Amino acid sequence: MEGEYLIIERLVRNISHEIKNPLTAIKGYAQLLGLKPGDPELVEKTRKMVVENADLIDERLHALYAVFELTPGEKADIDIAGTVGEFVRSLDDDIMARVSHINPPGGVNAVLERRGILRALHLLVGRFDWKGNGGASLTISLRETEEGKPGLDFEFFGVSFEGMKGETFFLPYSEKKLYRGGTELFEVFATARMNGWRFGLLDGGARRGFYLVF
Amino acid sequence: MDEEYKILVADDEAGIRDLLRDLLSGSFNVDTVERGDEVLDRIARDRHDILILDLQLPGMNGIDVLRVISEKKVRVVVVVITASNNVETAITAMKLGAYDYIVKPFDAEKFLVIVKNIVERLELEREVDTLREQVGEKFRFVNVIGKSQAMLKIFSTLERVIDTDSTILISGDSGTGKEIIAKAVHYNSNRKQYPFRSLDCSTIPRDLIGSELFGHEKGAFTGAVSRKIGKFEVSSKGTLFLDEIGNLSIDMQAKLLRVLQEKEFERVGGNQIIKVNTRIVAATNRDLRELVKQNRFREDLYYRLNVVPVYLPLLKERKEDIPLFIDHFLKKYNTEFGRSLNIDIKARMFLTNYQWPGNVRQLENVIKRLVLLSTEKVVGPDQVKALLEFEDPAAPGPGDGDLEAQGTLPAGGDIVSMDEMEKAYLERALEHFDFNISSTAKALKISRKTIHNKLKRYGIVIHKTTVV
Ligand SMILES: Nc1ncnc2c1ncn2[C@@H]1O[C@H](COP(=O)(O)OP(=O)(O)OP(=O)(O)O)[C@@H](O)[C@H]1O
Ligand SMILES: [Mg+2]
């Protein structure tokens, strides 16, 4: 109960934090207009800023509930290593150079939703803030878990995972150092949940990275 | 506000960056960054005066940025803005030296008030900085003039305690050089890179002294619209010069005593304990021991202050310094006004034997006026006497050594400057009101403070002292 409460508290704090930024801009421009009344340029700018920031609030709220509107796609027998390889090759060259993937010999096949895997890869790898974390590199390795289920490990190097906690790391707007949007990990979490996968921190946070078990 | 002040806004939200830029750019030079790890490089490169810092930043969070600023003693005033209501972060930020902490969505006007206060503080610091630059040389002990026994004794006393934290109490009549000694102490000590501040306890209204000294919190009293940092806090690590300490009210004396003893205090209306390491140099032209006897000055405070007593004698009691002063001020004002005036030997003798009721300040003023007004290359005794007579006809004439000077001589020239007119007029008005400053001020429609300033400026000494 206490743990759940903490999660709710964190969630509420994160969201209000994220909404307050565009609210500040809206309120601030309204007040600025009061300080410099009749400045036509400022009127135009204010109009633009109010609309933009209202849209931003809408966008942020939408990102929160959009995940509940996901629908599972078709499942098919897919080659996981092949899918990861294909995804990595689709990355921009400079990012691709920083991502390596390790596959066990022979490859692993499983019946999975391909679209879901690609979305998780896109969120975890494609949306990672490569520019902001200039020294970062990533190793994606395919592995088989004890229960015999296939999984993917995403281990980062040259970044800090400070402050990431097992219970809350995926909450929306918890994390900005690694992912600029703030809802990426939450979307991965929702995708995993819908497909019955597990999403967590590597070794409970001892190593810097995430795992997915299908 | 001043366009030359540079502000850096660090926020990852474009809307906030735009807003702050539009709020500030009329009055400041505004830069923005999105990432925490770019802040320090930008400040190092462009030397911003003020940093508006969001706490949740990509690359490096705001608290870490603050930590580096505090560790590396980066000279920038930081205002933290955050959307989080977390009290602990606020405390951490303030502990790390943030000037203020505001929560989004904030009030644009309040935000501007905070920035305005920072500008005031920066302005003060700048003043001290330029002063420091200008006088970095000037306030060497070598530039405090004196070879009389009394002055030599003062120099050797001060040299012994210069780098200690000892409180110094300077006593002496008006114009004997109390302030120049206080500054010399600071600018020759190992505190010189920190601020020097002064507070004249006789000119600040009594109920404002507390907030001047200790600062106040927002809302501490009506009119306290935002936090103010007091002089004690600003000059922590530096020196605070408390002029006319004898005028401090009894309850302020108690507060001052506590700071001297505990090295800590609270801002007015605040309960956070602030630790300081400020050196106090106090000055008085009244006999503090006498005030102690009359129960108008706390004895314990007197002993706390009087750790290193420095007594500045009247100028006429150290005549051997006068020739040095003459040369010193001649050089100073010749340079300042682009002249090359000299004073002949007879005039020098006259000056040396004069009574100087206004002490060094009066001598300085006389020489300044000679340099300004004289049409000749060399000034003789007549001109000096004429000027002095105009200065202070009521003052006792020159000492017994100079008989010639006792006669009244006509003015050397007809030049009467505006200053001289004003001075003469002021003196007449004072006389008329029996030297009561308040009545004179009222009649002349100027403030008491202005009168005091003018008295100082013209070296006018009130002979008939009214008891306050
Ligand atoms: N020893 C000295 N060497 C050089 N200049 C001096 C010396 N003493 C005084 N002066 C000059 O004389 C003027 C008056 O000195 P100062 O302001 O320090 O006097 P004060 O004792 O603080 O006077 P008051 O009590 O009226 O405030 C200043 O311009 C100062 O520079
Ligand atoms: Mg003084």
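In this predicted model, an oxygen atom of ligand 1 lies 2.6 Å from a side-chain N or O atom of B:Lys178. Ligand 1 is surrounded by 19 residues. Elsewhere in chain B, helices α8 and α10 pack with their axes 11 Å apart, and a cis peptide bond precedes B:Pro105, joining it to B:Lys104.

**Ligand 1**
- The closest of the surrounding residues are B:Ile145, B:Ser174, B:Gly175, B:Lys178 and B:Glu364.
- The side chain of B:Arg361 places an N or O atom 2.9 Å from an oxygen atom of the ligand.
- B:Thr176 comes in through its backbone, with an N or O atom 3.4 Å from an oxygen atom of ligand 1.

**Packing of α8(B) and α10(B)**
- Helix α8 spans residues 206-214 of chain B and helix α10 spans residues 250-262; the angle between them is about 15°.
- Angles under 35 degrees count as roughly parallel, and α8(B) and α10(B) are therefore roughly parallel to each other.
- The crossing of the two helices is right-handed.
- On the α8(B) side the contact consists of B:Ile209, B:Gly210, B:Leu213 and B:Phe214, and on the α10(B) side of B:Met252, B:Lys255, B:Leu256 and B:Val259.
- Six of these contact residues are nonpolar, one is polar and one is charged.

**Backbone geometry in loops**
- The cis bond between B:Lys104 and B:Pro105 has an omega of about -5°.
- B:Pro105 sits in the loop between β5 (100-103) and α5 (108-135) of chain B.
- B:Arg47, a residue other than glycine, has a positive phi, near 50°.
- B:Arg47 belongs to the loop between α2 (36-46) and β3 (50-54) of chain B.

Notes. Residues numbered from 1 in each chain as written. Chains lettered and ligands numbered in written order. Predicted model: local features only at pLDDT ≥ 70, side-chain atom pairs only at ≥ 80, totals over all residues. Heavy atoms only, no water. Axes fitted to C-alpha atoms, helices over the stretch in contact; angles between N-to-C directions. Helix = DSSP H or I, 4+ residues; strand = E, 2+ residues; numbered from the N terminus. Parallel < 35°, antiparallel > 145°, perpendicular 65-115°, else oblique. Left-handed = near helix turned anticlockwise from the far one by under 90°. Contact = heavy atoms within 4.5 Å. Nonpolar A, V, L, I, M, F, W, Y, C, P; charged D, E, K, R; others polar. Near = heavy atom within 4 Å. Polar contact = N/O pair within 3.5 Å; in protein donor to acceptor, adjacent residues only side chain to side chain.
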